[in-house]
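Visitor: I'm new to this one and would like a close look at a single part. Could you take me through the surroundings of the ligand?

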Amino acid sequence: METMTEIPVGPPPPGTFYEQVGGEETFRRLVHRFYEGVAEDPLLRPMYPEEDLGPAEERLTLFLIQYWGGPRTYSDRRGHPRLRMRHAPFAVDRAAHDAWLRHMRTAVDELKLPAEQEKQLWDYLVYAASSMVNTPG
Ligand code: HEM
């Protein structure tokens, strides 16, 4: 059964989701915390080609900012996201998917967003992660 807190109790707040959750700072905190997890992860860390995770952190931050209605800096720098294609060089199997989402869960929890926004963000991440799986097993 769904809990009462998931029932919307009024009109949504004005502005984009990006603005509602606190703008750039919130997405920077989210992705920074996520990459702290990746940096310590024996499965995920070796998948990242660069020694320095900073540039990867920046790309994911800018992508999420753009996706949720913030500035379009990601596409100015990287072009069309084409995320499935960009993940093709990496074997994203079930284990990688689970590890990725586990670090995201920790990062989302630490944002302490209102329940409704937290659910919106999390549901998207779950959906996006499953769509990135490209390797069986
Ligand atoms: C399911 C597990 C996933 C794994 C194991 C994974 C792994 C990776 C790796 C190894 C890279 C290369 C590092 C880099 O160049 O930035 C990358 C890039 C990227 N990933 Fe993922 N990823 C996953 C899911 C996702 C999801 C769900 C999203 C979006 C919500 C996402 C967004 C991105 C973006 C935006 C980039 C940079 C693309 C570019 O501009 O080159 N990834 N990912």
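Visitor: Which helix supplies the largest share of the shell around the ligand?

Guide: That would be α3, which gives 4 residues to the shell. Keep in mind that what you're looking at is a predicted model. The shell counts 19 residues around the ligand, and the ones that come nearest are Ala56, Arg59, Phe63, Trp100 and Ala128. Helix α3 covers 54-67, and it has company: α5 (83-87), α6 (94-111) and α7 (115-132) each supply at least two shell residues as well. As for chemistry, the shell has 14 nonpolar residues, along with 2 polar and 3 charged ones.

Now let's wander along α6, where you'll find His97. His97 is partly exposed, because 17 other C-beta atoms sit within 10 Å, and being buried would take 20 or more. Setting aside neighbours within four places in sequence, His97 is in contact with Val92, Ala129, Ser130 and Val133. Take Ser130: along the chain, 33 residues separate it from His97, yet their C-alpha atoms are 7.1 Å apart.

Stepping back to the whole protein chain, you'll count 7 helices and 0 strands. Its radius of gyration is 16 Å, close to the 14 Å the globule rule gives for 137 residues, so the chain is as compact as a globular protein of that length. Among contacts between residues at least 6 apart in sequence, 74% join residues at least 24 apart. Of the 137 residues, 12% count as buried.

How values were computed:
Residues numbered from 1 in each chain as written. Predicted model: local features only at pLDDT ≥ 70, side-chain atom pairs only at ≥ 80, totals over all residues. Near = placed C-beta within 6 Å. Nonpolar A, V, L, I, M, F, W, Y, C, P; charged D, E, K, R; others polar. Contact = placed C-beta atoms within 7 Å. Rg over C-alpha atoms; globule rule 2.2 N^0.38 Å.
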